[in-house]
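I am opening my notebook on a new protein today. Here is what I looked up, entry by entry.

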Amino acid sequence: MEKTKFKLEKAKIIRNDEKGIQKTRFIIQSLFAALCIWIGIEFYLFNQYLETNGAAAFYSRPPGVDGFLPISSFMSFYLFLKTGIIHNAHPAGFFIFLSIILMSLVFGKSFCSWFCPIGFISELVGDFGEKIFKRRLKLPKWLDYPLRSLKYLLLGFLVYSVVVLMSTLALKAFLDSPYNLVSDVKMYYFFANISQTALIVIGVLFVLSILIRNFWCRFLCPYGALLGIFSLLSPNKIQRNAKSCIDCGLCNKACPSFIKVDKVKTVISDECSTCLNCVDACPVKDTLQLNILLPKKKKINKRFVAIGVVSIFMIVTGFAMLTGNWQNKISKEEYLMHYKLMNSYGHPTGTKEFKKLNEEVEMRNKKSNSQ
Ligand code: SF4
Ligand code: SF4
C-alpha cells in the first residue's frame, strides 16, 4: 500500500504531458471512410452505365474498388512474387495490398486501426456497446482462444488453395478469367441485391460487435490474421519501463485487444494494432512508448506513426498511378459485353477446363522432377 502511494506521488512529479494521438487517428479513419464512400458512389454510377447498356452517362470505374477484392489482390501479389508480373485485371488491388503489407512490416497491424473502414465501424460500434454496458466485455479464455483461431483457419484455407494447389499457369488462368475481370461488378450486385441470409449474417455480426468489441476483427477476419503475422516482424514495438511503471493498469484498460500491457516489457502480439491507446492512457512520462528496436532502441514520436502510415499508403498508390499501373486496361465496350454475360461466369476453379489445366501442369512438373 505504502509502495503504491509512493509510486503515485512520484507519478505526479513526472506526469505524462504528451498530447494524445487518438484525435488524429480518428481523423485519418474518417477521411479514409469518406474516400471509401466516394469510391462506392463512383462505382454505383459506373454500374448504372452498364445496367442501362451505355444509355446513362459514363463514369469511369474507380480503381480503388480493387481494394475490396482481397482474394484477387492476394493472388496478384503471389503471382508477382513468383513471376515479377503485375497482373492487369485489378492492378490497384495489388498496390493497395502491397501498401498494407508494408505498413504491417513497419508499424505492425496498423492498417486495422488507422485505415480499415470495417475496423473503424467495429470501433464505433464497440464504443456504443461500452456506453450501454458501462464496461468492456471479454469472452472467457476457453472460448476466446479457439474463436481467435478461426481467422487463422480461414487464412490457412485461402493460402493452401492458392499457394499449394495452384500452379503459376493456373493462377494466371484464374486472374485472366472473365469471372475475375468482373469480380468487382459481381461484388457490387451481391450487396445491391443482398440476400436475406447475408443480411441476417451482417445483423448478427453487428449485434455481436456491440457485445464483444471488434468481434469480426478479433475472430473472423483472415486479412487481419495475415497482417497480424507480418506485424510480428515489425521492429517497432510498444515497450513498458518496469522501473517507472506504477502498476495503475490504465494501459490494460485502454487496450481494445485485451492485451495485458501492464504485465509485459514488450508487446509482442498478433492482436496489437498499434492504435497507441495504451500509450495515450499511461499517466507516467516515458513509461509506455513505441520504440524502434533495430538498429538500436529509440523512441518513436506518436505523430511519426500517423505520418508514417499515411506516407506508406500514399507513396505506394502514388507510384502505381505515376507508372500507369493504377487503372486496368479493360475498355467500357468490354465491360458492357461482360455485363451481359456475367451471370454465366462461374468460379473458374470449378470448371472442367481449369481442373484439366491444373492437372496437366502437375503432371508436367512431376515428369520434369523425375527426370
Ligand atoms: S497494446 Fe496498445 S497499441 Fe497495441 S492494441 Fe493494445 S492499446 Fe493498441
Ligand atoms: S505502463 Fe500501464 S500500468 Fe504502468 S504506469 Fe503506464 S498505464 Fe500504468
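**Entry 1: two unusual backbone angles**

In which loop does Asp 247 lie? I found Asp 247 in the loop between strand E1 (236–240) and H14. I should say at once that I am reading a predicted model. I picked this residue for its phi, which is near 55°, a positive value in a residue other than glycine. Most residues other than glycine have a negative phi, and most peptide bonds are trans. Next I looked up accessibility: Asp 247 has 52% relative accessibility, so I wrote it down as exposed.

My second entry of this kind is Phe 258, with a positive phi of about 55° although it is not a glycine. I located Phe 258 in the loop between H14 and H15. Is Phe 258 buried or exposed? Its relative accessible area is 16%, and the cut-off for buried is under 20%, so Phe 258 is buried.

I also noted a peptide bond. Leu 294 and Pro 295 are joined by a cis peptide bond, with omega about 0°. Pro 295 sits in the loop between strand E2 (288–292) and strand E3 (298–299).

**Entry 2: the whole chain**

I stepped back for an overview. I noted 18 helices and 3 strands in the protein. Of its 371 residues, 45% are buried. I then looked at contacts with a separation of 6 or more: 79% of them are between residues 24 or more positions apart.

**Entry 3: helices that pack**

Two packed helices are described by the angle between their axes and the distance between the axes. I looked up both values for two pairs.

For helix H6 (residues 117–133) and helix H11 (residues 196–211), the angle is about 55° and the axes are 7 Å apart. That makes H6 oblique to H11. On the H6 side I listed Val 125, Gly 126, Phe 128, Gly 129, Ile 132 and Phe 133, which meet Phe 206, Ser 209, Ile 210 and Leu 211 of H11. This contact has 7 nonpolar, 3 polar and no charged residues.

I paused at Gly 129, which is found in helix H6. With 1% relative accessibility, Gly 129 counts as buried. Its C-alpha atom is 7.7 Å from that of Arg 213, although the two are 84 residues apart along the chain.

My second pair is helix H7 (residues 141–164) and helix H13 (residues 222–231), whose axes come within 8 Å and cross at roughly 90°. H7 and H13 are therefore roughly perpendicular to each other. From H7, Lys 151, Tyr 152, Leu 154 and Leu 155 meet Pro 222, Ala 225, Leu 226 and Ile 229 in H13. Here I noted 7 nonpolar, no polar and 1 charged residue.

**Entry 4: salt bridges**

Side chains of opposite charge can pair when their charged atoms come close. How many salt bridges does the structure hold? I noted 18 salt bridges, and I followed a few of them.

Lys 302 pairs with Glu 18, with the closest N and O atoms 4.0 Å apart. Lys 302 lies in helix H16 (residues 302–322) and Glu 18 in the loop between helix H1 (2–13) and helix H2 (22–51), so this pair ties together parts that are 284 residues apart in sequence. Lys 302 is buried at 6% relative accessibility, whereas Glu 18 is partly exposed at 38%.

Arg 61 and Asp 184 also form a salt bridge, at 2.5 Å from N to O. Arg 61 is in the loop between H2 and helix H3 (70–83) and Asp 184 in helix H10 (residues 183–192), 123 residues apart. Arg 61 is buried, with a relative accessible area of 4%, and Asp 184 is buried at 0%.

I followed Glu 271 to Lys 109 too, where the closest N and O atoms are 4.0 Å apart. Both of these residues are buried. I also found a network: Glu 18, Asp 280, Lys 285, Asp 286, Lys 299 and Lys 302 are joined by salt bridges that share partners.

**Entry 5: the ligands**

Which residues are closest to ligand 1? Among the 13 residues that surround ligand 1, the closest are Cys 255, Cys 272, Cys 275, Leu 276 and Cys 278. I counted this shell by class as 9 nonpolar, 4 polar and no charged residues.

Ligand 2 has 13 residues around it, and Cys 245, Cys 248, Gly 249, Cys 251 and Cys 282 come nearest. Its shell has 8 nonpolar, 2 polar and 3 charged residues.

Key: Residues are numbered from 1 along each chain as its sequence is written. Chains are lettered from A and ligands numbered from 1 in the order in which they are written. This is a predicted model: local features need pLDDT of at least 70, side-chain atom pairs count only at pLDDT 80 or more; totals for chains, interfaces and linings use all residues. Side-chain values use heavy atoms; hydrogens and water are left out. A residue is near a molecule or strand if one of its heavy atoms lies within 4 Å of it. Ala, Val, Leu, Ile, Met, Phe, Trp, Tyr, Cys and Pro count as nonpolar, Asp, Glu, Lys and Arg as charged, and the others, Gly among them, as polar. Axes are lines fitted to C-alpha atoms, for helices over the stretch in contact, and angles run from 0 to 180 degrees between N-to-C directions. Helices (H or I, at least four residues) and strands (E, at least two) are DSSP runs, numbered from the N terminus. Angles under 35 degrees count as roughly parallel, over 145 as roughly antiparallel, 65 to 115 as roughly perpendicular and the rest as oblique. Contact means heavy atoms within 4.5 Å. A salt bridge is a side-chain nitrogen of Lys or Arg within 4 Å of a carboxyl oxygen of Asp or Glu. Buried means under 20% relative accessible area, exposed over 50%, partly exposed in between (1.4 Å probe, protein chains only).
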